[in-house]
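Got the viewer open? Load the model below, switch to a cartoon view, and keep the selection box handy.

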Amino acid sequence: MRTACPPTSSPGRPAQEQNALNRTLPLILAVALFMEQMDSTVIATSLPAIAADIGTSPVTLKLALTSYLVSLAIFIPISGFMADRFGAKRVFRIAIAVFVIGSIACAFSNSLGAFVLSRFLQGMGGAMMTPVGRLVLVRAVPREQLVKAMAWLTVPALIGPIAGPPLGGFVTTYFSWHWIFLINVPIGLLGIVVSGYVLPDFAREETGRLDLSGFLLCSIGASGLVFGLSVISLPALPPVIGLVTVVIGVMAAALYVRHALRTPRPILNLSLFANRTFRAAIIGGSLFRIGVGAVPFLLPLMFQVVFGLTPFQSGLLTFASAFGAIAMKFIATTALRLGGFRVVLVTASVLGGASIAVNALFTPATPHWVIITVLVGSGLLRSLFFTSANALVFAELGDREASQASTISAAAQQVSIALGVAVGGGILEASAFITGTELGIDAFVNAFLIVAALSALAAVPFLTLPPEAGSRVSGHSRRRGRLTEPAPAGE
């Protein structure tokens, strides 16, 4: 399947107006996505205070974390269909509104059931915000500006989960846990108003009827995997429930693959994987994200359990990687123009994996400035990788395929992050079981080395790409005086 090459500029739009849009649009989307990304982790350090207030235990309240992830897994697959049917701008604004309503409901919850349902409602909004926001960006920004624009979305995606725990602890300690959610209200309302003026209106796509059977199978598969892996890694329920749910998720996913190959308009169009560039971006990104997804779980736990730091001190240390993520924004475009997607992603995969392995060398005696230096460098490499990989997803696809690509990418991200946390937690549990001792530094050394190897394996899919893959987006071949047409899908 050869897709039409995307336009390099929006027809009929003055250059000055287009340039202003290219600068403003990513910022508007980034603020909304930062709110969603941060909120997914901000309550982690506030669980004891929330649990005491609503009359339950912190372990049981972890169901609220799981319900949010399950909601994402259920509704992300339908986000592309909704954006095409009702318009990406409208769906994005409604998604923010649903997220805000869920935030208010969380703040006023007075029981476990109410809090879990409120988090599920928040997840419904968050499920639409990320993939639809990325879709808006891809359709509005010329392809040669996509890397620079994607950097604005990658930074909040990396900083949000890092900033969440220390911010949650600070707000809970000095104010009240309710403000963790209420602070979303003015941000969300401002986002709805401003996006109404800034976001362009796109023509609605012909979607046909909803693939209901595919939606059910896909939702059961994704939510089963995310729920099962979450239960295994953060056991609020017996681990056997997690294992059974994972098996159900895998079976549903296999049935969906069979269904999608026989359906003219599946909810997730798996034929996009025939495009080798898209395929490498999804598979490589998922492998790298497994390792990276484990780090925010392993690093604070090691700092607190082994090093004896407080949650707030631990949060301040891990937040150092945010500075690396921000610094990357200034070098991603140049790096891709000079090296191209293949060189940059292979290099970022190997060095990113190595930076995770360096965490295994930390001891309680390691100076904090050394830890901060390593984490800043690690943040830069991770941000460079994700900016490049997220842009590569759309590099050789047209606008008609963009909604499906964004949805598949978002679904793969959720499953791989959940798998990363499960792998990290599983390694710690296995180490403690084998040695018969309490959790010690050796267990963390093993965990960091294993997840580092998984992240480095992300280089393999990118090695299969030609040197000029995604050249319309990276500008790599233009620098050498020639511009290659995008490779046909499946080559």
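What follows is a short tour of a bent helix, a salt bridge, a cavity and a pocket.

Before you click, remember that this is a predicted model, where local features need pLDDT of at least 70 and side-chain atom pairs count only at pLDDT 80 or more, while totals for chains, interfaces and linings use all residues. Residues are numbered from 1 along each chain as its sequence is written, and side-chain values use heavy atoms, with hydrogens and water left out.

**Stop one: a bent helix.** Select residues 332-358, which make up helix H14. (Helices here are DSSP runs of H or I with at least four residues, numbered from the N terminus.) H14 has 27 residues, yet its end C-alpha atoms sit only 23 Å apart, short of the 39 Å a straight helix would reach at 1.5 Å a residue. (That expected span is 1.5 Å times one less than the number of residues.) Now pick Gly340: H14 bends there by about 110 degrees, taken as the angle between axes fitted to the seven residues ending at a residue and the seven starting there.

**Stop two: a salt bridge.** Show the side chains of Asp84 and Arg139, which meet in a salt bridge at 2.9 Å, N to O. (The rule asks for a side-chain nitrogen of Lys or Arg within 4 Å of a carboxyl oxygen of Asp or Glu.) Asp84 belongs to helix H3 (residues 58-86) and Arg139 to helix H5 (residues 112-140), so the pair ties together parts 55 residues apart in sequence. The count by this rule is 1 salt bridge.

**Stop three: the cavity.** Which helices each supply at least two residues to the lining of the largest cavity? Colour H11 (276-305), H15 (368-394) and H16 (399-435) to see them. (A cavity is a set of points on a 1 Å grid over the protein atoms alone where a 1.4 Å probe fits but cannot get out; lining residues have an atom within 4 Å of a point.) H11 gives the most, with 5 residues. Among the lining residues are Ser286, Arg289, Asn390 and Gln413.

**Stop four: the second largest pocket.** Select Leu225, Ala253, Ala411, Ala412 and Val415, which lie nearest its centre among 24 lining residues. (A pocket is an open set with protein on both sides within 12 Å along at least five of seven lines.) H9 (212-233), H10 (239-262), H11 and H16 each give two or more residues to this lining, and the largest share, 6 residues, comes from H16.
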